[in-house]
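Hi everyone, thanks for making time. I'd like to walk you through one structure today, so have a look at the screen and follow along with me.

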Amino acid sequence: MAPGNLITNRIFENDWGYLKKGELQSIVSSGYGVWGLPLRIGTRSEIVKINVTFEP
């Protein structure tokens, strides 16, 4: 919820989305929205499905 996103954007390098930095890969979603009040303004609920494969 705005302006919270403006604050988190300044605090965290990756406050939402995908970031690859060297070997690190980071994914942050906006969440499903079931904690606390069921209130979402300016964003949609989302669930991220990640498939991890290992190839030697």
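Let's start with Ile50, which counts as exposed because its relative accessibility is 52%, and the cut-off for exposed is over 50%. Keep in mind as we go that this is a predicted model. Where does Ile50 sit? You'll find Ile50 in the segment that comes after strand E2 (24-28).

Ile50 also has company on the surface. Together with Tyr18, Ile27, Val48 and Val52, Ile50 makes up a nonpolar patch there. The accessible area of those residues together comes to about 510 Å².

Now to Asn14. Is Asn14 buried or exposed? Asn14 has a relative accessibility of 14%, so Asn14 counts as buried; the limit for buried is under 20%. Along the chain, Asn14 belongs to the loop that links helix H1 (4-11) to strand E1 (17-21).

What does the side chain of Asn14 meet? With the side chain of Ser26, Asn14 makes a polar contact of 3.0 Å. A polar atom of the Asn14 side chain is also 3.5 Å from the backbone oxygen of Gly17. If we set aside neighbours within four places in sequence, the contacts of Asn14 are Leu19, Ser26, Ile27 and Val28.

Let me pick out Ile27 from that list, since we met Ile27 in the surface patch a moment ago. Asn14 and Ile27 are separated by 13 residues in sequence, and their C-alpha atoms are 8.0 Å apart in space.

Last stop: charges. How many salt bridges does a search of the whole structure find? The search turns up 1 salt bridge. The partners are Lys21 and Glu13, with 2.9 Å between the closest N and O atoms. As a general reminder, side chains of opposite charge can pair when their charged atoms come close. As for accessibility, Glu13 counts as exposed because its value is 57%, while Lys21, at 46%, counts as partly exposed.

That's my tour, and I'm happy to go back to any part of it.

How values were computed:
Residues numbered from 1 in each chain as written. Predicted model: local features only at pLDDT ≥ 70, side-chain atom pairs only at ≥ 80, totals over all residues. Heavy atoms only, no water. Helix = DSSP H or I, 4+ residues; strand = E, 2+ residues; numbered from the N terminus. Buried < 20%, exposed > 50% of the residue type's maximum accessible area, 1.4 Å probe, protein only. Polar contact = N/O pair within 3.5 Å; in protein donor to acceptor, adjacent residues only side chain to side chain. Contact = heavy atoms within 4.5 Å. Patch = residues over 30% accessible without salt bridge, like charges linked within 9 Å, V, L, I, M, F, W, Y side chains within 5 Å. Areas by Shrake-Rupley, 256 points an atom, 1.4 Å probe, with all protein chains shown as cover. Salt bridge = Lys/Arg side-chain N within 4 Å of Asp/Glu carboxyl O.
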